[in-house]
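These are my notebook entries on a structure that I had not examined before. I set down what I looked up, entry by entry.

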Amino acid sequence: MRSLVVLIAIVATVSLSAAKDELQVGDLVKQHLNSIGTEQARAAAKTRVAEGTVRFRILSGGTGDQEGKQVFISEGRKLVTLLKLPNPSYRGERFVSDGKKTVIGNMTPGVYSNFGRFIEVHDEILTEGLWGGTLFTGWALASFEDRHAKLHYDGLKKMNGSELHRVSYTPSKRTDLEIELYFEPETFRHVMTTYELTINPQLAGRERDNGQQQLTHYRLEERFSDFKQTDNLWLPGRWIVQFTSDVPRRPGSPSLAAAQTAVTEFNTTETSISHNVSLDPRNFEIK
């Protein structure tokens with residue numbers, strides 16, 4: 001009988017903890033959405049066109065620094081993102097999604113940048129409404145229940161010297177990505193999303209070779225700041241996209257055990273955000 005009482009107590013504690021966690025997540029999402037604007041103001045924005053400048057830099061694994069233009073167009077769950085550079089060797093990135101399928105612009109037919117290939121393989125970043133954060137009319141947290149996504153509140157975590165609320169995001173469809181959303185404690189504004197993927201090496205034929213095998217690691221980070229009010233909605237005026245890849249060197253190259261690290265960054269500044277602009281449906285066509 002004593003064992004049964006203890007078991008009931010344990011079950012009750014676990015249930016209470018789960019209910020508390022669910023309440024925390026629900027309350028956080030509600031306060032976050034209110035930080036964007038009222039429900040009426042959010043619902044009134046059927047389309048959004050955000051335009052601005054972009055500065056592209058290679059932070060590691062090479063050199064490069066160039067300025068261009070950025071355009072983010074969205075209607076419901078459909079989007080087009082252009083990160084345009086005046087460089088014939090690398091013209092930037094183009095992502096299109098109709099909410100279900102995606103098209104990723106390539107450098108030459110069949111050839112993608114490392115970043116473009118990452119998005120092409122993990123297009124749930126686009127179809128789940130995560131890309132661009134609250135700049136996107138189809139922002140994931142505005143309808144995460146309809147998407148059947150799972151959220152888990154992980155508490156306050158220190159990032160870049162600041163404590164932020166962290167929420168794990170798990171799409172309804174299987175993904176290899178670890179997706180984390182971060183929010184300011186004071187305002188509940190969404191200020192960062194991280195996507196991480198680690199690939200374990202296949203076992204080598206010889207034990208000595210196994211010791212040299214290295215993990216392949218990718219990290220995509222979106223950061224949002226400089227929030228400004230447009231049509232009664234508080235939206236980010238700065239959007240920084242940073243992509244890191246740690247890929248083992250090919251056999252035969254110097255320092256086999258060392259990884260090749262490449263870090264690139266798109267630093268965008270929104271100069272204009274417009275709502276309810278009439279958009280050509282062909283913008284979102286997937287061919």
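**Entry 1: Leu220 and the cores**

I began with Leu220, which, apart from neighbours within four places in sequence, is in contact with Phe115, Phe118, Ile119, Ile125, Trp131, Thr193, Thr194, Tyr195, Val241, Gln242 and Phe243. I note at once that the model is a predicted one.

I then looked up the largest nonpolar core, which has 57 residues. Leu220 is among the residues with the most contacts inside this core, together with Phe115, Ile119, Trp131, Leu141, Tyr169 and Phe266. Three of these names, Phe115, Ile119 and Trp131, I had already met in the contact list of Leu220. I also found a second, separate core of seven residues, including Val71, Ile73, Val80 and Val96. As general background I recorded that nonpolar side chains tend to be buried together in soluble globular proteins.

**Entry 2: The chain as a whole**

I next took the overall description of the chain. Its secondary structure comes to five helices and twelve strands. Of the 287 residues in the protein chain, 43% are buried. Among contacts with a separation of 6 or more, 52% join residues 24 or more positions apart.

**Entry 3: Confidence**

I checked how far the prediction can be relied upon by its own score. The mean pLDDT of the chain is 87, and 84% of the residues reach 70 or more. Confidence is highest in strand S8 (residues 178-183), at a mean of 98, and lowest in helix H5 (residues 207-210), at 48. Over residues 1-23 the pLDDT is below 50, and beyond near neighbours in sequence this stretch has two contacts in the model. Residues 253-258 also stay under 50, and for them the model has ten contacts beyond four places in sequence.

**Entry 4: Thr194**

I returned to a contact of Leu220, namely Thr194. Thr194 lies in strand S9 (residues 190-199). I counted Thr194 as buried because its relative accessibility is 2%, and buried means under 20%. Not counting residues up to four places away in sequence, Thr194 touches Glu178, Ile179, Glu180, Tyr182, Arg219, Leu220 and Glu221.

**Entry 5: Leu130**

Is Leu130 buried or exposed? I found 0% relative accessibility, so Leu130 counts as buried. Leu130 is placed in the loop between helix H4 (124-127) and strand S6 (150-159). Leaving aside neighbours within four places in sequence, I listed its contacts as Glu124, Ile125, Trp139, Ala140, Tyr169, Ile179, Leu181, Tyr195 and Glu222. For the pair Leu130 and Glu222, I noted a C-alpha to C-alpha distance of 9.8 Å, with their positions 92 residues apart in sequence.

**Entry 6: Pro171**

I located Pro171 in the loop between S7 and S8. With a relative accessible area of 8%, Pro171 is buried. Beyond residues up to four places away in sequence, Pro171 touches Glu128, Ala149 and Ile179. Ile179 is also on the contact list of Leu130 and on that of Thr194. Pro171 and Lys150 are 21 residues apart in sequence, and their C-alpha atoms are 6.5 Å apart in space.

**Entry 7: Two positive phi values**

I looked for unusual backbone angles, bearing in mind that most residues other than glycine have a negative phi. Asn160 has a positive phi, near 55 degrees. Asn160 lies in the loop between S6 and strand S7 (162-170), and at 67% relative accessibility it counts as exposed. Asp231 likewise has a positive phi, near 55 degrees. Asp231 is in the loop between strand S10 (216-230) and S11, and at 49% relative accessibility it counts as partly exposed.

**Entry 8: The largest pocket**

Which residues lie nearest the centre of the largest pocket? I found Arg42, Ala43, Thr137, Gly138 and Ala142, out of a lining of 20 residues. The space in this pocket is about 460 Å³. Helix H1 (2-36), helix H2 (39-44) and strand S11 (233-248) each supply at least two lining residues, and H2 gives the most, with three. By class, I recorded nine nonpolar, five polar and six charged residues in the lining. Beside the entry for H1, I repeated the note that the pLDDT over residues 1-23 is below 50.

How values were computed:
Residues are numbered from 1 along each chain as its sequence is written. This is a predicted model: local features need pLDDT of at least 70, side-chain atom pairs count only at pLDDT 80 or more; totals for chains, interfaces and linings use all residues. Side-chain values use heavy atoms; hydrogens and water are left out. Helices (H or I, at least four residues) and strands (E, at least two) are DSSP runs, numbered from the N terminus. Buried means under 20% relative accessible area, exposed over 50%, partly exposed in between (1.4 Å probe, protein chains only). Contact means heavy atoms within 4.5 Å. pLDDT is the predictor's confidence in each residue, from 0 to 100. A nonpolar core is a set of buried Ala, Val, Leu, Ile, Met, Phe, Trp, Tyr and Cys residues joined through side-chain atoms within 4.5 Å. On a 1 Å grid over the protein atoms alone, a cavity is a set of points where a 1.4 Å probe fits but cannot get out, and a pocket is an open set with protein on both sides within 12 Å along at least five of seven lines; lining residues have an atom within 4 Å of a point. Grid points are joined across faces, edges and corners, and a volume is the space filled by probe spheres set on the points. Ala, Val, Leu, Ile, Met, Phe, Trp, Tyr, Cys and Pro count as nonpolar, Asp, Glu, Lys and Arg as charged, and the others, Gly among them, as polar.
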